[in-house]
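Hi,

Here is the structure I said I would pass on. Have a look at it first, and then read my notes underneath.

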Amino acid sequence: CSNLADVTIPDGVTSIGDRAFSSCSSLTNITIPEGVTRIEPYTFAECSNLADVTIPDGVTSIGDGAFSSCSSLTNITIPEGVTSIGSSAFLYCSSLTNITIPASVTSIGPSVFDGCYVERNNFVNNSSIETALWGITLYDEIVNGLCIGNNSVVTTIDKEIKEVVIPSGVTSIGESAFNDCFYLESITIPESVTYVGDYAFRGCNSLAGVAIPEGVTYIGNMAFSECSSLTDIAIPEGVTSIRERTFYNCINLTNIAIPNSVTGIEWGAFMNCRSLTDITIPESVTSIAGSVFQGCSSLMNITIPDGVTKIEATTFSNCGNLANIIIPESVTYIGNYAFCGCGNFTDITIPKSVEYIGSYAFYNCNNLTSIRIPSSVTSIGESAFSYSTTIIGARGSYALNWAKKNGYTYTAE
């Protein structure tokens with residue numbers, strides 16, 4: 001019903017079924033008859049032009065997702081008598097400016113107001129239920145086109161904004177604050193900022209560079225993921241961990257500076273950064289999680305710091321240009337697919353500390369003609385190497401016996 005712009009429901013109607021007007025994207029207003037007592041799940045979901053709706057006093061419950069993604073809805077009055085509001089009922093109603101919850105409400109599902117940004121003074125909660133469960137984001141003022149609440153950037157009122165200046169005094173950039181601001185080209189972050197939240201700049205694919213202040217100590221999960229124009233970035237001293245997928249799919253990132261304060265790099269932090277050619281991991285790093293450099297197809301050289309004990313699953317898989325890597329004596333474990341698809345490897349030294357080599361760890365390393373396995377290795381997984389690789393090991397060692405059993409060419413020393 002994408003062309004349905006207006007509808008009158010006669011007074012005799014007492015029930016409107018699930019999804020009755022779902023995805024009626026041209027619908028602008030509707031009056032629900034007095035006899036209706038329940039708004040069923042997803043009744044008006046994705047009515048993206050619905051700006052005005054009157055809920056009659058007889059309604060006692062609002063179902064799951066009933067008005068979800070009604071992105072033009074600006075005001076909603078929930079009448080006294082409503083006792084329950086289902087999960088995601090007003091999810092992504094991004095234009096809502098006023099919300100009043102009556103005292104009669106005793107049950108509210110999760111994510112009711114996720115994706116809704118409302119000025120704190122325009123949100124009235126007469127119910128005894130805590131607002132933290134609902135997902136609503138409140139702000140105190142709008143400055144430079146930014147919604148600011150509790151000294152944090154909550155969001156921008158214009159998702160097509162090209163230039164942002166965050167006012168001085170702001171201490172944090174909140175979760176998803178600039179998520180999917182596709183046209184954002186430049187941002188000025190004041191020295192007062194210490195925290196960059198999860199997904200803060202995710203999908204800002206026009207953002208070519210950003211100066212992160214020295215006072216920042218936390219950069220969240222996926223904070224800069226899919227910033228496809230980002231070419232270089234410096235992580236400030238004070239940051240101790242590069243979080244999950246922080247720079248995932250930053251396909252033009254060529255240079256990154258990691259400070260000595262960092263001790264851990266979490267899962268997929270640089271996954272698919274396919275323009276990254278070189279990176280220096282400081283000696284302070286003791287933990288590198290799985291898939292951190294997976295798909296970094298231009299990466300040529302890397303040194304793993306002393307202190308790292310595990311090369312986790314898929315950490316360097318499909319790094320097709322990686323020709324040189326130094327594995328320190330501290331490493332005891334090489335995980336599944338750790339170097340799978342590193343086709344430029346011609347030689348690699350497995351240190352005498354290694355005890356475990358996982359399945360497919362060096363599979364499809366087609367230029368690796370031979371590999372020397374130390375006697376410390378006591379477990380090798382399925383198809384750990386391509387069959388073109390000769391296994392070199394001590395007579396009677398686990399590695400040589402494994403090679404014999406699995407049909408590999410081997411050389412005894």
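Below is what turned up when I went through it.

One thing up front: this is a predicted model, so please read everything here in that light.

**The pocket**

I started with the largest pocket, which holds about 930 Å³ of space. Its lining is made up of 31 residues, and those closest to the centre are G115, Y117, V154, T155 and S176. Three elements each give two or more residues to that lining: β12 (137-139), β14 (146-149) and β15 (152-156). The largest share comes from β15, with 5 residues. If you are thinking about the chemistry of the lining, it splits into 15 polar, 10 nonpolar and 6 charged residues.

**The helix and what sits on it**

Next, helix α1, which covers residues 398-405. Which of its residues are buried? They are A399, L400, W402 and A403. Looking down the axis of α1, these buried residues fall within an arc of 160°, so they line one face of the helix. The cover over them includes three strands, β32 (379-380), β33 (390-393) and β34 (410-412). Just after α1 comes G407, with a positive phi of about 80°.

One of those buried helix residues, W402, also turns up in the surroundings of S383. S383 is in the loop between β32 and β33. Is S383 buried or exposed? It counts as buried, because its relative accessibility is 17% and the cut-off for buried is under 20%. Leaving aside residues up to four places away in sequence, S383 touches Y360, Y363, W402 and Y408. For a sense of scale, S383 and C70 are 313 residues apart in sequence, and their C-alpha atoms are 52 Å apart in space.

**Two backbone angles to check**

Two residues other than glycine have a positive phi, and you may want to look at them on screen. T314 has a phi of about 60° and sits in the loop between β27 (310-311) and β28 (324-326). With a relative accessibility of 18%, T314 counts as buried. N364 has a phi near 60°, and its place is in the loop between β30 (356-357) and β31 (370-372). N364 is partly exposed, because its relative accessible area is 37%, which lies between the 20% and 50% cut-offs.

That is everything I have for now. Shout if anything is unclear.

Cheers

Methods:
Residues numbered from 1 in each chain as written. Predicted model: local features only at pLDDT ≥ 70, side-chain atom pairs only at ≥ 80, totals over all residues. Heavy atoms only, no water. Helix = DSSP H or I, 4+ residues; strand = E, 2+ residues; numbered from the N terminus. Buried < 20%, exposed > 50% of the residue type's maximum accessible area, 1.4 Å probe, protein only. 1 Å grid on protein atoms, 1.4 Å probe; cavity = no way out; pocket = protein on both sides within 12 Å on 5 of 7 lines; lining within 4 Å. Points joined across faces, edges and corners; volume = space filled by probe spheres on them. Nonpolar A, V, L, I, M, F, W, Y, C, P; charged D, E, K, R; others polar. Arc of directions from axis to C-beta. Contact = heavy atoms within 4.5 Å.
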